[in-house]
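Here are my notes on the model, written for someone meeting it for the first time. Please keep the structure open beside them and look up each residue as it comes.

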Amino acid sequence: MRVIRTAGMSLRWEPRSAAVCGVLAAVAVCAAVLVVGSGEFPIAPPDVVRVLLGRGDQATEFVVTTLRLPRAVTGLLAGLALGLSGAVFQSISRNPLGSPDLIGFTTGSASGALLQILVFGGGAVAITVSSVAGAVLTALAVYLVAYRRGGGVHGVRLVLIGVAAAAMLEALNSYLITRAELREAYEAAFWLTGSLNGRDWDQAVPLALALAVLVPAALLLARPLGMGELGDDAARALGVPVQRTRALLTVAGVGLVAAATAAAGPVPFVALAAPQLARRLTRRPGAQLLPAALTGAALLASADLVSLHLPVAVPVGVVTGVLGGVYLAWLLSASGRR
């Protein structure tokens, strides 16, 4: 690790982390290019790149920019948001299982969308707004229940209450589906699997705007977040306002997972696996926010590519669910051995 000092500022330069980020970004972009080229009308990767550079023919440009590019961009941005959100919450809770998948925030987002789909019958914009509102309200409820006067919010308590909230919201979601008409129940069940099918710029652009605000906010808090992993007392001794930092990071993390879920549905396990894979790749302790975000983007783009080339068409959430289940079993067995 090197420290670069310029104009009164000090920046840490970690060659291995920088190399890992570069490789992950390349993997994510390559997977997205292959996704754009996949379909009934296959397009070679050089032709996709040529279109993106403004040098393709009109027919290929229509297929790439109008029909397929929004899906690839949504997948990249949703994966980035989920990976970053997972890193934030795992660091706050100091628990590798403290991802928004397991502590109820993703489920709350799904509940908000289901209420709009099955009860109020709103359109795409209303579903997006309800999804975000569901995640925010769930996070607020979990945070308030986990909060203790004088002690603030502790990681284990946040995880346990979040798991309980997720279980209750899953029951609500199942009840809503069983009470719905067949067509609406099918639509809701498909949305709950997490899918990038049919995504267009109406989903990609709002997600990009949300990330333009939330990603810099989370990265600016990376240093106090890392200090918080030393323990509340040690962080306070180093001048970190622990509870305020934790609250701001919770807002940023919830915003990230809500935006991703509104765009792509509740894609499972990306937020859980990406931060742990990033730590193993960088071989650095603490919250690796940028590597985790790029790992999430690479994972979701790669899973989308796999889903497009399976003999039977399946949503991307099914692929990430299978891979994430294997990963979770490995993580639990490795923790048990230690």
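How many helices and strands are there in the protein chain? Before the answer, please bear in mind that this is a predicted model.

1. Overall make-up. The protein chain holds 14 helices and two strands, and 48% of its 338 residues count as buried. If we take the contacts between residues at least 6 apart in sequence, 74% of them join residues at least 24 apart. The surface that the chain exposes comes to about 16500 Å², with carbon and sulfur atoms supplying 67% of it.

2. Helix α1. This helix covers residues 15–37, and the distance from its first C-alpha to its last is 33 Å, close to the 33 Å expected for 23 residues at 1.5 Å a residue. Its buried residues include Ser 17, Val 20, Cys 21, Leu 24 and Ala 28, and among the elements that cover the buried residues of α1 are α2, α3, α12 and α13. After α1 comes Gly 39, which has a positive phi, near 145°.

3. Helix α5. For the 23 residues of helix α5 (residues 124–146), a rise of 1.5 Å a residue predicts a span of 33 Å, and the end C-alpha atoms are indeed 33 Å apart, so the two values agree. The buried residues of α5 are Ile 127, Ser 130, Ser 131, Gly 134, Ala 135, Thr 138, Ala 139, Val 142, Tyr 143 and Ala 146. When reading such a list, it helps to recall that an α-helix has 3.6 residues a turn, so residues three or four places apart point the same way.

4. The nonpolar cores. Which residues touch the most other members of the largest nonpolar core? They are Phe 105 and Leu 211, in a core of 53 residues, to which α3, α5, α6, α8, α11, α12, α13 and α14 each supply at least two residues. Leaving aside neighbours within four places in sequence, Phe 105 is in contact with Phe 89, Pro 100, Ala 135, Thr 138, Ala 139, Val 142, Val 254 and Val 257. Another core, of twelve residues, lies apart from the largest one, and Val 51, Val 63, Val 64 and Leu 305 are among its members.

5. A buried loop residue. Is Ile 103, in the loop between α3 and α4, buried or exposed? With a relative accessible area of 2%, Ile 103 is buried. Not counting residues up to four places away in sequence, Ile 103 touches Phe 89, Gly 98, Val 142, Val 159, Gly 162, Val 163 and Ala 166. Ile 103 and Ile 161 are 58 residues apart in sequence, yet their C-alpha atoms are 7.4 Å apart in space.

6. The salt bridges. The count comes to two salt bridges. In one of them, Asp 304 pairs with Arg 71, and the closest N and O atoms are 2.6 Å apart. This pair links distant parts of the chain, since Asp 304 is in helix α13 (residues 289–309) and Arg 71 is in helix α3 (residues 58–93), 233 residues apart. Asp 304 counts as buried because its relative accessible area is 1%, under the 20% cut-off, and Arg 71, at 13% relative accessibility, counts as buried as well.

7. A salt bridge within one helix. The side chains of Arg 50 and Asp 47 meet in a salt bridge, with 2.4 Å from N to O. Both residues lie in helix α2 (residues 45–52), three residues apart, which is about one turn of the helix. Arg 50 counts as partly exposed at 37% relative accessibility, and Asp 47 is partly exposed too, with a relative accessible area of 31%.

8. A buried threonine and a surface patch. Thr 295 is found in helix α13 and is buried, with a relative accessible area of 4%. Not counting residues up to four places away in sequence, Thr 295 touches Leu 24, Ala 274, Leu 277 and Ala 278. On the surface, Leu 115, Val 119 and Phe 120 make a nonpolar patch of about 300 Å². Leu 115 lies in helix α4 (residues 105–120) and is partly exposed, with a relative accessible area of 31%.

Key
Residues numbered from 1 in each chain as written. Predicted model: local features only at pLDDT ≥ 70, side-chain atom pairs only at ≥ 80, totals over all residues. Heavy atoms only, no water. Patch = residues over 30% accessible without salt bridge, like charges linked within 9 Å, V, L, I, M, F, W, Y side chains within 5 Å. Areas by Shrake-Rupley, 256 points an atom, 1.4 Å probe, with all protein chains shown as cover. Salt bridge = Lys/Arg side-chain N within 4 Å of Asp/Glu carboxyl O. Helix = DSSP H or I, 4+ residues; strand = E, 2+ residues; numbered from the N terminus. Buried < 20%, exposed > 50% of the residue type's maximum accessible area, 1.4 Å probe, protein only. Expected span 1.5 Å × (residues − 1). Contact = heavy atoms within 4.5 Å. Core = buried A, V, L, I, M, F, W, Y, C linked by side-chain atoms within 4.5 Å.
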